[in-house]
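This briefing is meant for a reader who is meeting the structure for the first time. Please look through the sequence and the model, and then follow the points below, which are grouped by topic.

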Amino acid sequence: MTWEHLISFASAAAVCWITGSVLAFLHHPKASAWSMISYGTGILVYASFITGFWISLDRPPLVTMGETRLWYSLFLTLAGLVTYIRWRYKWILSLTTVMSLVFIAVNILRPEIHNRVLMPALQSIWFIPHVTVYMFSYALLACTFLLALAGLVKPSLNVLPAIDTLCRAGLSFFTAGMLLGALWAKQAWGDYWSWDPKETWAAVTWLLYVLYFHLKEIRPGAKKMIFISLILAFLSLQICWYGLQYLPSARGSMHNYALNTD
Amino acid sequence: MTANMHLFAFPVNLIVGLCIVFAGWSLRKRFSDTYMTVALVMMTAVALVQGFMPQEAGFTHSWPFVVVLTWFLTVLASRLFRKFSLAGLGLWLALWAGMLGSADSTVNHVLVPRDRYAPTSLSFEMRMEDFQVSRYDTGEPMEYRATISLRDLSEGMSVKAPDHDRPGGDVVKTLRVNHPVRYRGYQIYLRDYDVSRGNDTAYCIVMVTRQPWRWLVLAGILLLFGGALKIFIV
């Protein structure tokens, strides 16, 4: 399976996701159950593409930005479905669908075609856990961003309990990703932490999410400030993930693997 | 602006580290949780400065950064004495040992020639026995493998005695990317070779590091891992 198959699998998944998102708004007693089934089917269809792609590639599809976007869309829809099942926000599925389709569209419009080569620097047992754990946390934290936006726009919504649970899970996974990276860095580069641009922006992001928990603790009433801290943290996360490519100070980052394989 | 790390070589770093713990203990009642939040904002600010600066500027070795980090560690210590958390302790230990330990750490890049020992500033010498690059069908490198012999100089006599007089005196190790080698408290990493000559390279370049405090950093990382797991489960 190759990038060319992405469009058909993604279209089928998109139909399921959009159907699921619409069903979530209907008042029929069985509507929410069918919404979950439809949305879940979309996730399975999309996951089967990634599985087939991985098998045909002979190496984990986690090397390039395009490949990490594949996982992001998968985990994002998964996080959206779990949030819907747990808290029944009927609008969350539409938001995660739109966001994931944006990233899929980028992959279809700007496919990054790569061969099977996995360079020696990435041949490590830390590689798969480091990247997938991060992508999972990015998706959970994207959900908190969407919830925070919703909370800012419509203050009557009670989104804080969902934000709190997702943020706890998201930050735990983010921390795990960072620590797996530190252990790997010791093996590959000689030190646990060397303030490489990617590491620095991961630290900024991590500190901002920790700040959210502390703000919530000392100023539980300041909802607006809490939402803004989450939005800032999410922006920093975007710089950490792909924004670094456009940042002059990050040119020399040791995390630039895609440049060498192109 | 750059902090002179040699000033903090052992035991000065340990004394400074104990002072941080002591300050955290004495201020545990004075500092409220607001101090922790402000310290987090300050830490975020210096990390942002580093994020927008080129890495070569070495901001993380400058006094402003070191002062903010020290302040952060003091406030975090005071908070931990007041209200313990596993993740907080892990973060504190990793940062504390990372910052103080860097004064005792050394990094050397050493050129290791083929078939002969070259003098180094370290307490041992290295010689490259063999170098292999294996490639994918497409020609891209799949693996770099350097075989090197190591000879300890600290035993005195080994400097003068020819190799054949000291059977078993040399240790042979294989170096690969992502697979460093440990030797007498040092970690040795494969860094470079003569790309134009491939397998026939006349040398390889290795990085030799010594980080006596690394076990404490590792302990901090594992504690923070446990803390993250706890936050997820509870």
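**Sheets, a crossing helix and a surface patch**

In chain B, strand 3 (residues 141-152) and strand 4 run antiparallel and are joined by 6 bridges, where strands, like helices, are DSSP runs numbered from the N terminus (H or I and at least four residues for helices, E and at least two for strands). The model is a predicted one, in which local features need pLDDT of at least 70 and side-chain atom pairs count only at pLDDT 80 or more, while totals for chains, interfaces and linings use all residues. Residues are numbered from 1 along each chain as its sequence is written, chains are lettered from A and ligands numbered from 1 in the order in which they are written, and side-chain values use heavy atoms, with hydrogens and water left out.

**The sheet of 3 strands**

- Strands 2-3-4 of chain B, in that order, make an open sheet with antiparallel pairing, two strands being paired if DSSP finds at least two bridges between them.
- The edges of this sheet are strand 2 (124-135) and strand 4 (171-176) of chain B, each of which pairs on one side only.
- Its neighbouring strands are turned by 20 degrees against each other on average, direction ignored, with axes fitted as lines to C-alpha atoms (for helices over the stretch in contact) and angles running from 0 to 180 degrees between N-to-C directions.
- B:Arg145 stands opposite B:Arg176, which belongs to strand 4 of chain B.

**The sheet of 4 strands and the helix across it**

- Another open sheet, also with antiparallel pairing, has 4 strands of chain B in the order 1-7-6-5.
- Strand 1 (106-113) and strand 5 (181-183) of chain B are its edge strands, each pairing on one side only.
- Within chain B, strand 6 (residues 186-193) and strand 7 (residues 203-210) run antiparallel and are joined by 6 bridges, and B:Gln187 stands opposite B:Thr209 in strand 7 of chain B.
- Helix 6 (residues 160-189) of chain A lies across strand 6 and strand 7 of chain B, at about 65 degrees to strand 6 of chain B, where contact means heavy atoms within 4.5 Å.

**Exposure in chain A**

- A:Val153, found in helix 5 of chain A, is exposed, with a relative accessible area of 69% (buried is under 20%, exposed over 50% and partly exposed in between, with a 1.4 Å probe and protein chains only).
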